[in-house]
Amino acid sequence: MAKILKMDSALGATINDIDLRKPIKQAEVELVSNALAKHEVIFFRDQDITPEQHKAFALNFGRLQSHPVYPTIEGFPEITILENNKDNPSKIEEWHSDMTFKKIPPLGSILLGKVIPKNGGDTLFSSLSAAFSDLSKEMKESLEDMTAIHSFEHGFKESLAEPYG
């Protein structure tokens, strides 16, 4: 059975002993779902999977979506290519939650690191539930009745005009 190793931080856990190259069992889907709900970010280390395997794993958790700005893997419009370097900088350098501007936002994102630099280039995660939990009672009460409008245009205004094919 797979093991969940909690990180020494507000969020995150690593799940060992699930091979994402193979179809996963219903019990493993439930384990991953429960771990995601509890730990907010799940890591699977050393998983060299194909686009087909990536998609098959993701389909265990619901309908897939494509991103309207980034290029995708040929034949897999649901798999976005996030590639940046000195000559091709990231499109967004702000804290954000992926695609919350959608009418029905996705449950999450499944990232697969292909080329990872020795230094820098980190993907950082933040727990909004932990941040809220740490607020004073008065601040929580002042926020309770507030709503937010999530707009695509704010975070991606620089790339909206760029053609993608």
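**Figure 1. A salt bridge within helix 4 joins lysine 137 and glutamate 141.** In this predicted model, lysine 137 and glutamate 141 both belong to helix 4, where they are separated by 4 residues, or about one turn of the helix. Their side chains meet in a salt bridge, with a distance of 3.7 Å from N to O. Lysine 137 is exposed, because its relative accessible area of 58% is over the 50% cut-off, whereas glutamate 141, with a relative accessible area of 44%, is partly exposed. Helix 4 covers residues 137–143, and leucine 143 is found in this helix as well.

**Figure 2. A nonpolar patch on the surface includes leucine 143.** The patch is formed by Phe132, Met139, Leu143 and Met146, which together have about 370 Å² of accessible area. Leucine 143, found in helix 4, has a relative accessibility of 31% and therefore counts as partly exposed.

**Figure 3. A salt bridge links lysine 55 and glutamate 78.** The closest N and O atoms of lysine 55 and glutamate 78 are 3.3 Å apart in this salt bridge. The pair links distant parts of the chain, since lysine 55 lies in helix 2 (residues 51–58) and glutamate 78 in strand 5 (residues 76–80), 23 residues apart. Both partners count as partly exposed, lysine 55 at 27% relative accessibility and glutamate 78 at 24%.

**Figure 4. Asp19, Arg21 and Lys22 are linked in a network of salt bridges.** Within this view, the side chains of aspartate 19 and lysine 22 meet in a salt bridge with an N to O distance of 4.0 Å. Aspartate 19 has a relative accessible area of 22% and is partly exposed, while lysine 22, at 54% relative accessibility, counts as exposed. The structure as a whole holds 6 salt bridges.

**Figure 5. Aspartate 17 and glutamate 40 are shown for their positive phi angles.** Aspartate 17 is not a glycine, and yet its phi is positive, at about 70°. This residue is placed in the loop between strand 2 (13–16) and helix 1, and at 53% relative accessibility aspartate 17 counts as exposed. Glutamate 40, which is likewise not a glycine, has a positive phi of about 75°. Glutamate 40 is found in the loop between helix 1 and strand 3 (42–43), where its relative accessible area of 32% makes this residue partly exposed.

**Figure 6. Histidine 39 is a buried residue of helix 1.** Helix 1 comprises residues 26–39, and histidine 39 lies within it. With a relative accessible area of 8%, histidine 39 is buried, because this value is under the 20% cut-off. When residues up to four places away in sequence are not counted, histidine 39 touches Ile4, Lys6, Leu11, Gly12 and Ala13.

**Figure 7. Valine 115 is an exposed residue in a loop.** Valine 115 is placed in the loop between strand 5 and helix 3 (128–133), and at 80% relative accessibility this residue counts as exposed. Glutamate 83 is 32 residues from valine 115 in sequence, and the C-alpha atoms of the two residues are 8.8 Å apart in space.

**Figure 8. The whole protein, with 5 helices and 5 strands, gives the setting for the close-up views.** Read along the sequence, the helices and strands follow the pattern β-β-α-β-α-β-β-α-α-α. The C-alpha trace spans about 50 × 45 × 35 Å along its principal axes. Of the 165 residues of the protein, 22% count as buried, and histidine 39 is a buried residue. Among contacts between residues at least 6 apart in sequence, 60% join residues that are at least 24 apart. The protein exposes about 12,600 Å², of which carbon and sulfur atoms supply 53%. There are 18 positive and 25 negative side chains in the protein, and the centres of these two sets lie 5 Å apart.

Notes: Residues are numbered from 1 along each chain as its sequence is written. Side-chain values use heavy atoms; hydrogens and water are left out. Helices (H or I, at least four residues) and strands (E, at least two) are DSSP runs, numbered from the N terminus. Buried means under 20% relative accessible area, exposed over 50%, partly exposed in between (1.4 Å probe, protein chains only). Contact means heavy atoms within 4.5 Å. Accessible areas come from the Shrake-Rupley method with a 1.4 Å probe; for residues, only the protein chains shown count as cover. Lys and Arg count as positive and Asp and Glu as negative; His and the chain ends are not counted. The place of a charge is taken as NZ of Lys, CZ of Arg, CG of Asp or CD of Glu. Patches are made of residues with over 30% relative accessible area and no salt bridge: like charges are joined within 9 Å, nonpolar side chains (Val, Leu, Ile, Met, Phe, Trp, Tyr) within 5 Å.
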